[in-house]
Each structure stands twice: as C-alpha cells, then as structure tokens.
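Colleague: Got a minute for this model? I'd like to go through the contacts and the fold, then the nonpolar residues.

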Amino acid sequence: MDPILILESITLLSIAKVLVIVLLLVYVVFALLMMKQVAAMTRAVTMKDDFVIRILGVLNFVFAVLVFLIALLIL
C-alpha cells in the first residue's frame, strides 16, 4: 500500500476520534487510581460513613468504563 494514500485518508475527524478514545482511556486509569486512593484513605482514617465515599469511588470508575466502552462502540 502506498504511504501517500494512507496520509490522504487521515482526516481531522479521525484524529479527533482517536484523541477522544485516548483521553477517555486516561480518565479510566485516573478513576481506577482514585478508587485505590479512596480505599487507602478509608483504611488510614476511620469515619462513620466511609462506605459512601467508597461507593462514590466505585460508581465513578464504573461510569468511566461505561463511557469508554460506549465511545468505542459509537466512534
């Protein structure tokens, strides 16, 4: 295949799609790290309602994964 044809097929829309996918993947990794930090924080500091913070961390991670998967399907 000719490299010139490959370069001609790259559009601004395809570059934007790739960037959106990459940024959503970074968000998934960030949400995972945030969930780990919440778990470490609740082990270090005891609170009476720490399960709420844990649930919010897990929900954020699940949301990030779902948005990433939906973006993969749509884009």
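Colleague: Among contacts between residues at least 6 apart in sequence, what share joins residues at least 24 apart?
Modeller: In this predicted model, that share is 70%.

Colleague: And how many helices and strands does the chain have?
Modeller: Three helices and zero strands, so the pattern along the sequence reads α-α-α.

Colleague: Is the chain spread out or a compact globule?
Modeller: More spread out than a compact globule, because its radius of gyration is 19 Å and the globule rule gives 11 Å for 75 residues. The C-alpha atoms fill a box of roughly 65 × 20 × 15 Å along the principal axes.

Colleague: What percentage of the residues counts as buried?
Modeller: 15% of the 75.

Colleague: Which residues make up the largest nonpolar core?
Modeller: Seven of them: I21, L24, V28, A31, A64, F68 and A71. Both α2 (12–44) and α3 (50–74) supply at least two, and α2 has the largest share with four.

Colleague: What does A71 touch, leaving out residues up to four places away in sequence?
Modeller: I21 and L24.

Colleague: Switching to the outside. Which residues form the nonpolar patch on the surface?
Modeller: V20, V58, V62, L66, I70, L73, I74 and L75, with about 760 Å² of accessible area together. Helix α3 gives the most to this patch, six residues.

Colleague: Take V62, in α3. Why does it count as partly exposed?
Modeller: Because its relative accessibility is 40%, and partly exposed runs between 20% and 50%.

Colleague: How much area does the whole chain expose?
Modeller: About 6000 Å², with carbon and sulfur atoms supplying 80% of it.

Notes. Residues are numbered from 1 along each chain as its sequence is written. This is a predicted model: local features need pLDDT of at least 70, side-chain atom pairs count only at pLDDT 80 or more; totals for chains, interfaces and linings use all residues. Side-chain values use heavy atoms; hydrogens and water are left out. A nonpolar core is a set of buried Ala, Val, Leu, Ile, Met, Phe, Trp, Tyr and Cys residues joined through side-chain atoms within 4.5 Å. Buried means under 20% relative accessible area, exposed over 50%, partly exposed in between (1.4 Å probe, protein chains only). Contact means heavy atoms within 4.5 Å. Patches are made of residues with over 30% relative accessible area and no salt bridge: like charges are joined within 9 Å, nonpolar side chains (Val, Leu, Ile, Met, Phe, Trp, Tyr) within 5 Å. Accessible areas come from the Shrake-Rupley method with a 1.4 Å probe; for residues, only the protein chains shown count as cover. A salt bridge is a side-chain nitrogen of Lys or Arg within 4 Å of a carboxyl oxygen of Asp or Glu. The radius of gyration is taken over C-alpha atoms; the globule rule is 2.2 Å times the number of residues to the power 0.38.
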